[in-house]
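Biologist: Could you take one part of this model and go through it slowly, explaining each term as you use it?

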Amino acid sequence: MAYNILIVDDSSIIRAVVIKTLELTGVPVNKIFQAENGKVGLEVLHNNWIDLAFVDINMPVMGGVAMIEEMFKDDLLHTVPVVVVSTEGSKTRINELIEKGIKGYLRKPFQPEALRDIIDQSLGVQKDEE
Amino acid sequence: MNVKLANHFITATVNVLSTMAFVKPVAGTPYIKTSNKSLAEVSGTLGITGIGIKTKGCMTIAFTKGSILKIISNMLGESHETINAEVCDAVGEITNMISGQARKKLSENGQSFEASIPTIIVGKDQEIHHLKLPSVIIPFKIDNEHFFVDICFSD
């Protein structure tokens, strides 16, 4: 199965790096959607089938925490697995997000292996399924 | 300034750039900054503040045109030849990531630090004035290109 993946980050460079790293992981991808803030990210989620969302925390207009909170209030969107990708160093803040229900946290910068592992973990892919 | 603190920034710089841009920067001998003139064409700078402690400081990373274009080209797998908005975006992200990794290391001593959003400065003749404290420059080399990490902290 190939996945539809949403990348929400205000940095076009980081979105490009995530896409490039995704290619290196070998994860089957159907379509990649991009959004420069949480507001646009929510619009993409409402209009498309998304299997997994990578969300930055600090963004203008709507940050990642506000976007995730909106997703968890929504009957359909709360089922979309979310991985936070950020330089955020505060364990307290990360734990708060995990308690809210995100599937994982990836600290920038990251290796392709780390990205692959967190995708497998978030989508419930077993190693022997590959 | 604590030497361990400088080491955290050296390690973070090498880790971030080797992971993101597949380059292995080599750190030179640190020295005390004597001029406020920017050391290179494009710089990212941010403030770092201890939470519940008095320690505060700032970090600047200054890239020569050659070094940042090499880094960006490696990051994206495509050639870049001018300092444009995309390059400034990348400098901001690199500054953030280095600060994040160094702050994580610093937090292992039980101290927490917050960082401001980075500011990007373009132009070699700009002056960057830090706190009224000694500032340490760590020079780095990637092949024949140079960049500089400038850190300034109160104890």
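Modeller: The contact between the chains takes 17 residues from chain B and 13 residues from chain A, where two residues are in contact if their C-beta atoms, placed from the backbone, lie within 7 Å. On the side of chain B that touches chain A, the elements giving two or more residues are helix H1 (3–21), helix H2 (65–76) and helix H3 (85–107) of chain B, and H3(B) gives the most, with 10 residues. Such elements are DSSP runs numbered from the N terminus, helices being H or I runs of at least four residues and strands E runs of at least two. That side of chain B divides into six nonpolar, six polar and five charged residues; Ala, Val, Leu, Ile, Met, Phe, Trp, Tyr, Cys and Pro count as nonpolar, Asp, Glu, Lys and Arg as charged, and the others, Gly among them, as polar.

This is a predicted model, in which local features need pLDDT of at least 70 and side-chain atom pairs count only at pLDDT 80 or more, while totals for chains, interfaces and linings use all residues. Residues are numbered from 1 along each chain as its sequence is written, and chains are lettered from A and ligands numbered from 1 in the order in which they are written.

Let us now look at one pair of helices. The axes of H1(A) and H3(B) come within 8 Å and cross at roughly 80°, the axes being lines fitted to C-alpha atoms, for helices over the stretch in contact, with angles from 0 to 180 degrees between N-to-C directions. H1(A) is therefore roughly perpendicular to H3(B), a term for angles of 65 to 115 degrees. Ser12(A), Ile13(A) and Ile14(A) of H1(A) meet Glu86(B), Asp89(B), Ala90(B) and Glu93(B) of H3(B), and these contact residues divide into three nonpolar, one polar and three charged.

H1(A) itself covers residues 12–25 of chain A, and its 14 residues, at 1.5 Å a residue, should span 20 Å, which agrees with the 20 Å between its end C-alpha atoms; the expected span is 1.5 Å times one less than the number of residues. Within H1(A), the buried residues are Ile13(A), Ile14(A), Ala16(A), Val17(A), Val18(A), Thr21(A) and Leu22(A), where buried means that 20 or more other C-beta atoms, placed from the backbone, lie within 10 Å of the residue's own. Just after H1(A), Gly26(A) takes a positive phi of about 80°.

Notes: A residue is buried if 20 or more other C-beta atoms lie within 10 Å of its own, exposed if 12 or fewer, and partly exposed in between; C-beta atoms are placed from the backbone. Angles under 35 degrees count as roughly parallel, over 145 as roughly antiparallel, 65 to 115 as roughly perpendicular and the rest as oblique.
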